[in-house]
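Colleague: Could you take a close look at the interior of this model for me? I would like to see how the packing there fits in with the overall fold.

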Amino acid sequence: MIAFPSLASLRQKAIAVLSVMLGLFVFYTSFNGPFESLVQRALFVMTIAALAVLMHPLWHGTRLRWLGILIDTAIVAMVTVSGCYIISNYETIMTDLPWAGPLDMIMAFGTLASVLELARRTSNWVFPMIVALAVAYAFLGYLIPGQFGHRGFDSAYLSEIIFLSDRGLWGMLVNVASTTLAAFVLFGAILLHTGAGETFFDLSARLGGSRPGGAAKIATFASGFFGAINGSTVANVATTGNFTIPLMKRLKYPPAYAGAVEAIASTGGQLAPPIMGTAAFVMAELVGVNYWSIALAGVLPALLFYLGIYSTVHVIARRQGFRPVTADDLPDWRGAMNFTRLAPIAAALGGLGFGVLNGNSVELTACYGMLAMLAAVLVARIANGENPREVISIILRALEAGGKGVVIVGILLVGAQVFVAMINLTGFGVAVTSAVLAIGQGNIWLIAALMAVVCLIAGMGLPTSAAYVMVAAVFAPALIQQGIDPLVVHMFVLYYAALSVITPPVCLGVFVAATIAQAPWLKVAVETLRLGATAYALPMLFLAYPGMLGGGGTEGILLAALSGIVFAVSIAHLLGGARLPWGGASRLLWALPAGLALLGPWWSAAAAALVLAALVVIARRQLDQSPQVAAV
């Protein structure tokens, strides 16, 4: 009797095949250059929509699955027909600016509805609701009195913007998603699947595990390494947290503290180059600067972010007596540093370096890194005696993972592009800017504080890339109009958008960490805020010190680095509860070097460093003279 594969098995095979095809599409267009703009974007949207439907089927496993299949089929058909229509008419669309007829309007709003439904499945309902409200605002803005009202737009005109142009569903953010961003997502997937994941974790264990609070330091290093590649707080918590949180609990760390360490450390990965939560590529387009400038600008802030976490974890570990990880639980250096593991990493870096020095595009540079990495994997593993078929299967799994990784961010950026188009069309961003400037009365710090709060609220429940695009479109102009460098403003906005994922009450990263730690989410959230205090202050330092992001020349960078280091370490000792010998109130003295570091001149930064050094020496003597508190 012939055994037919089940529908579930066929779906998984279709996902694998389509993901590999998407990975090859990204690889091909990275190496040879993209197709015509609308063709490239339409092909990309059609593919990720089909993949999203397969990966997130509607009402799967319920009695309504038959209806879900009909809706899923309709979504794929709608996006595919719309994409083919755009491909066949792209020259007319770009040169003649055609009027939208009834069929165009059906495809415009049908495709938009399909994208928003897929965005709901891949993230949550918050993002599609915001985009839908922006479209509704474009329709009905004429009903709103005052500065937030506008003349309103009809269905035909909105269809032209959303569908028959390169400003809506096929706009600039979709171009970023289908080229540079997709190339680096694929690069990261190949890197992790060729042994880098194990290497990163082993290095993290060796670097931090033998120190006081070693398990928390492993979480800090590992989450930084992984986050810099995958660019998602929630995914980072879910992967590294499943190892680091149980390890911390096994060493008697409080569950809420264990979850908080992982949540804040995973958030930092979104802000660490090269990917920066996939926002670096989007920011390069929005600001109009080279991607590598964005990546370099993000280096010092990311280092200070992790310095703040590491220092706070260290102070708490010393005060609470948290033990290091035992030698039996630490990996062997030789295992972490063997040729098979290191060859792909070294080759990847070499390929990237060649592309940068050769002046190639970002996506071609990523392609060189991938080519070098794949060649190194083949040579190293076959030389190690592995079956060539097994090596090929590793490469195919990496391409499949890369294709899947592009789907979520791709869908979100398609929706985000429509949001940006509506904001620009209606003038809502200009109205918000005017309102913020009126409240701020020209006071940059008040305007920045208002923006920080609004960004934290607006980004709640959203993935970083979508949150950044939305808040940047609406709120960034308020600070730019005050004469601040657009790069500084966009980095400011990005940080607070990223931090929204751990800011109560809608803190997705905290929820996942609390679930793994089996601790009340509110306790985890409070601990996360304590560990991440430096991170919340860092964007304000961007405004005070241009050198934080590479401005002001060498002297400016050195001053920013010194001030940032003193500030991060001082706050870590203050909130970590480092004891001084003059009673409980004397702990407030840790605020003195932090305050001096914020004044600006060299003399205050030097004085802050001296005061901090003196306090650290005194605190260390105090700790050495008193019995350590047993770990709870």
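Modeller: Happy to! The radius of gyration here is taken over C-alpha atoms, and the globule rule is 2.2 Å times the number of residues to the power 0.38. For 632 residues, a compact globule would come out near 26 Å; the protein chain has 25 Å, which agrees. This is a predicted model, where local features need pLDDT of at least 70 and side-chain atom pairs count only at pLDDT 80 or more, while totals for chains, interfaces and linings use all residues. Residues are numbered from 1 along each chain as its sequence is written, and side-chain values use heavy atoms, with hydrogens and water left out.

Let me set the frame before going inside. The protein chain holds 28 helices and 0 strands (DSSP runs numbered from the N terminus: H or I of at least four residues for helices, E of at least two for strands). Its C-alpha trace spans about 80 × 70 × 55 Å along the principal axes. Of the 632 residues, 55% are buried, meaning under 20% relative accessible area, with exposed over 50% and partly exposed in between (1.4 Å probe, protein chains only). Contacts, defined as heavy atoms within 4.5 Å, tie distant parts of the sequence together: among those with a separation of 6 or more, 77% join residues 24 or more positions apart.

Now the interior. The largest nonpolar core has 213 residues, and Phe305, Met422, Tyr468 and Met491 touch the most other members. Such a core is a set of buried Ala, Val, Leu, Ile, Met, Phe, Trp, Tyr and Cys residues joined through side-chain atoms within 4.5 Å. Helix H18 (residues 388–426) gives the largest share of this core, 19 residues. Leaving aside residues up to four places away in sequence, methionine 422 touches Ala134, Val135, Ala138, Leu158, Ile161 and Ile162.

Phe305 also leads us to threonine 267, which sits in helix H11 (residues 255–269). Threonine 267 is buried, because its relative accessible area is 0%. Beyond residues up to four places away in sequence, threonine 267 touches Thr233, Phe305, Ala498, Leu499, Val501 and Ile502.

For contrast, try glutamate 36, in the loop between helix H1 (7–32) and helix H2 (37–55). Glutamate 36 counts as partly exposed because its relative accessible area is 47%. Its C-alpha atom is 9.2 Å from that of isoleucine 87, 51 residues apart along the chain.
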